[in-house]
Amino acid sequence: MPVKKSFLTLMLVLWAAAALAVDIPLDRAPVRGPADAPVTIIEFMDFQ
Amino acid sequence: METYGDKVRLAIIHFPYRYRDYAALAAQASEAARAQGKFWEMHDLMLERRKLDRESLIAYAGELGLDVARFTRELDSEKHLPRVNQDVELARRLDIYQTPTFFINGRKLVGERPFEAFQAIIDEELAKAQAAGN
């Protein structure tokens, strides 16, 4: 069943991508710079 | 930020170290300033002056032309503490234990690092974006 196999492969790829990616939600974060900038720097910061 | 202009954006996640006297207060002060549209102005002023006790923070609010009564009320009532704590929980989930910790397009950089360390990663990411046609 090639269809089923490719589906499983896709799921595996998606799972691996999700596990590798650092998904940090920025919807609440203060942001400086354009939303479509090619580089996003996320800083976990302590003012002190 | 100045070097790269509109190619780079910076987002802040609060991670006040819990055993420092003013870390959590300063984070809340930045959010209280943000509530009045001056997060980055307060951010820059706190990093420049370094003094982060309650009186200094209130003085900065005055300097920035904020509504000082509102700022003080929000600081004293810990109005923005839940917002800060959301970030702390996020940092813990990601197993971050040191500040500053940076993610540059998802690539982790830990600690106070020289500008060149950032530059190397940013330049690589810009080259990647260019190759991808962005």
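In what pattern do the helices and strands of chain A follow one another along the sequence? Read along the sequence, chain A runs α-β-β, with one helix and two strands, where helices (H or I, at least four residues) and strands (E, at least two) are DSSP runs numbered from the N terminus.

This is a predicted model, in which local features need pLDDT of at least 70 and side-chain atom pairs count only at pLDDT 80 or more, while totals for chains, interfaces and linings use all residues. Residues are numbered from 1 along each chain as its sequence is written, and chains are lettered from A and ligands numbered from 1 in the order in which they are written.

The contact between the chains takes 23 residues from chain A and 42 residues from chain B, two residues being in contact if their C-beta atoms, placed from the backbone, lie within 7 Å. On the side of chain B that touches chain A, β1(B) gives the most, with seven residues. The table sorts that side by class.

| Class on the side of chain B | Members of the class | Count |
|---|---|---|
| nonpolar | Ala, Val, Leu, Ile, Met, Phe, Trp, Tyr, Cys, Pro | 28 residues |
| polar | the others, Gly among them | eight residues |
| charged | Asp, Glu, Lys, Arg | six residues |

Strand β1(B) also pairs with strand β2 (residues 39-45) of chain A, in the parallel sense and over seven bridges, where pairing requires that DSSP finds at least two bridges between two strands. Within this pairing, A:I41 has B:L10 as its bridge partner in β1(B).

Chain B itself is divided into domain 1 (5-96) and domain 2 (100-134), with bounds that come from an automatic or database domain assignment, and the C-alpha centres of these two domains of chain B lie 25 Å apart.
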